[in-house]
Amino acid sequence: MKNRYNSFSSFLKEKFSGIKVRKIPVNAGFQCPNKNGDISNKGCIFCDAYGSGPIRSFRLSIREQIENYIRKHKGDKFIAYYQAHSNTYAQLGELEEKYRIIFDYEDIVGFFIGTRPDSIKDEVYPLLDRINNKTYLTIELGLQSIHEKSLIFLNRNHTYEKFLETFFKLKKMDVDVLVHLIVGIPGESREDMKATVREMNRIKPAGVKFHLLHALKNTYLNELYGRGEIPLMEMDDYIETIVELVGGLDPDIVIHRLTGERDKEIFVAPQWALNKNKVINSINKRMEELDLFQGKYY
């Protein structure tokens, strides 16, 4: 373990025999049912206009985004990451057409697909199975919390039961599933967050991403924050919480992210989160001080 936890960078080095592998963030042009009216037109309260996808390349074609990124990092290998909005939310033909693009690039060695647990139709699973047999596939499922009160507050508009249904369908196909979790949801105690981690230990996803709840421009979360109706975590509290969560997490689960990260152009608060290196270094330092490592309390 590097930095006392099972990091994504260490995982990649082991899986690809030390070859440098980078993720290419891609807006593949998909929508989200929680924003276009199929489920809701409000979206998750934290979601920005770019659907958590790339900002500077947002209007480029899939091929332009991929080729521009590869051109800047010649000699490396890549994972294409369809990141913006819900990347399984389309008709099967459109999904096949857009997924097929990644196989035109010999330096792409993996495919990550970000989506919602309620946005994979039954006919899409065979397609994902075929892709999983051709390259290294990971489905990134947004969950954020196992607690119903938190899902309602975030306007997720799906249940934890629905998440489990989708999760186990993918796991049965031997597809790696990466679960997104938010730390600092108003109304959640540290014990609530630890309960979410214990549930991850039970279901055993391939990986997790910890995101700090943060306010972005033109989101309902920012409206609530601006009116003083919700708090956002202070850095010291976040660090203490994260080290406890990591200490309780099954060491076989890869940690892909320890904090939230977004472009300065749309970031509002908390400002300390913009210094990602400082946050990560502080987490590592605190784990050293406590002689803590991933799974110590597992």
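## Briefing: surface, fold and selected sites

The accessible surface of the chain is about 13700 Å². Carbon and sulfur atoms hold 47% of that surface. The model is predicted. Its secondary structure amounts to 10 helices and nine strands. The radius of gyration is 18 Å, close to the 19 Å given by the globule rule for 298 residues, so the chain is as compact as a globular protein of that length.

**Whole chain**

- Along the principal axes, the C-alpha atoms fill a box of roughly 45 × 45 × 35 Å.
- Of the 298 residues in the chain, 57% are buried.
- Take the contacts with a separation of 6 or more: 82% of them join residues 24 or more positions apart.
- The chain carries 44 positive and 41 negative charges. The mean positions of the two sets lie 3 Å apart.

**Helix 9**

- Helix 9 covers residues 235-247, which is 13 residues.
- At 1.5 Å a residue, helix 9 should span 18 Å. Its end C-alpha atoms are 18 Å apart, so the expected span and the model agree.
- The buried residues of helix 9 are Met 235, Tyr 238, Ile 239, Thr 241, Ile 242, Val 243, Leu 245, Val 246 and Gly 247.
- These buried residues pack against three strands and two helices by name: strand 5 (176-183), strand 6 (207-212), strand 8 (254-257), helix 7 (190-203) and helix 10 (276-289).

**Asp 263**

- Asp 263 sits in the loop between strand 8 and strand 9 (267-269).
- Its relative accessibility is 18%; the cut-off for buried is under 20%, so Asp 263 counts as buried.
- Leaving out residues up to four places away in sequence, Asp 263 touches Ile 55 and Arg 56.

**Ala 273**

- Ala 273 lies in the loop that runs between strand 9 and helix 10.
- Ala 273 has a relative accessible area of 6%, so this residue is buried.
- With residues up to four places away in sequence set aside, Ala 273 touches Leu 212, Gly 260 and Phe 267.
- Ala 273 and Thr 259 are 14 residues apart in sequence. In space, their C-alpha atoms are 7.9 Å apart.

Note on methods. Residues are numbered from 1 along each chain as its sequence is written. This is a predicted model: local features need pLDDT of at least 70, side-chain atom pairs count only at pLDDT 80 or more; totals for chains, interfaces and linings use all residues. Side-chain values use heavy atoms; hydrogens and water are left out. Helices (H or I, at least four residues) and strands (E, at least two) are DSSP runs, numbered from the N terminus. The expected span of a helix is 1.5 Å times one less than its number of residues. Buried means under 20% relative accessible area, exposed over 50%, partly exposed in between (1.4 Å probe, protein chains only). Contact means heavy atoms within 4.5 Å. The radius of gyration is taken over C-alpha atoms; the globule rule is 2.2 Å times the number of residues to the power 0.38. Accessible areas come from the Shrake-Rupley method with a 1.4 Å probe; for residues, only the protein chains shown count as cover. Lys and Arg count as positive and Asp and Glu as negative; His and the chain ends are not counted. The place of a charge is taken as NZ of Lys, CZ of Arg, CG of Asp or CD of Glu.
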